[in-house]
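Work through the exercises below with the sequence and the 3D structure in view. Try each task before you read its solution.

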Amino acid sequence: MKKLLVLQAVVMLLLAACGGAPPPPVAEPTAHPTTVSTPPPVPTPEASQPAEIPLGDRAIFHQGLIDAEQAVVDQLQDATEYHIDLQISDDLIHLKGDQEVRYTNRESQPLNEIYFRLYPNLVGGEATVSGLKVDGQAVEPVYELQNSAVRVPLATALQPGEQVVIEMDFAVEVPLEIGGNYGLFGYFDDVLVLDEFYPVIPVYDDEGWNVEVPPPGADATYFDASFY
């Protein structure tokens with residue numbers, strides 16, 4: 001019995017000697033932050049402001065077309081062009097703006113006046129114009145048809161193919177109720193909708209200037225495709 005106990009003790013000592021004590025924990029190396037050199041930002045080319053683009057410059061419109069459709073812009077050299085600057089007040093119901101419009105007489109007869117529609121006055125809002133100029137000369141606007149149209153008299157008749165530049169300031173009060181305009185213009189349920197908020201030239205055709213007051217519920221807007 002004593003020999004067995006001694007043998008077991010010897011075996012345990014041998015095993016302990018073979019296994020050895022567990023190695024001390026090795027401390028992991030401390031991570032040092034790597035300094036990365038950030039290159040200076042590349043300056044972005046400043047985009048041209050709309051007011052800086054001269055009337056008749058079609059480059060900005062070419063940029064939005066695929067190569068196969070570039071010729072379309074050049075085919076519309078006589079289309080009306082609008083340059084509009086708009087400010088919206090913090091209350092979202094008062095607008096102020098100014099616009100410069102180049103209009104070409106594409107009709108077969110001279111024009112003694114040019115009309116602008118004020119669609120807000122047809123749908124519960126209020127729009128007025130001021131500072132009206134024709135080729136730099138001050139002109140007094142003439143309101144007609146429930147103030148939904150402004151007649152701009154021309155000192156000299158505009159002959160077919162001739163151009164004129166009209167400038168004006170405008171102010172608009174946006175309605176807060178849907179007044180028969182299907183919610184296309186106004187401030188409703190925290191949504192501001194500004195369909196045709198600006199003074200716009202209507203279509204001239206064999207019936208003359210289309211400035212009649214439309215019946216309730218009818219489409220009010222009717223004007224030529226233009227550049228903006």
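**Exercise 1.** Find where Leu145 and Asn147 lie, then describe their phi and exposure.

Step 1. Leu145 sits in the loop between β6 (142-144) and β7 (149-158). Strands here are DSSP runs of E with at least two residues, and helices are runs of H or I with at least four, numbered from the N terminus. This is a predicted model: local features need pLDDT of at least 70, side-chain atom pairs count only at pLDDT 80 or more, and totals for chains, interfaces and linings use all residues. Residues are numbered from 1 along each chain as its sequence is written, and side-chain values use heavy atoms, without hydrogens and water.

Step 2. Phi of Leu145 is near 50°, a positive value in a residue other than glycine.

Step 3. Leu145 has a relative accessible area of 34%, so it is partly exposed (between buried, under 20%, and exposed, over 50%; 1.4 Å probe, protein chains only).

Step 4. Asn147 is in the loop between β6 and β7. Its phi is also positive, about 60°, although Asn147 is not a glycine. Asn147 is partly exposed because its relative accessibility is 42%.

**Exercise 2.** Locate Leu65 and decide: is Leu65 buried, partly exposed or exposed?

Step 1. Look in the loop between α2 (59-62) and α3 (70-74): Leu65 is there.

Step 2. Read the relative accessibility of Leu65, 33%. Leu65 therefore counts as partly exposed.
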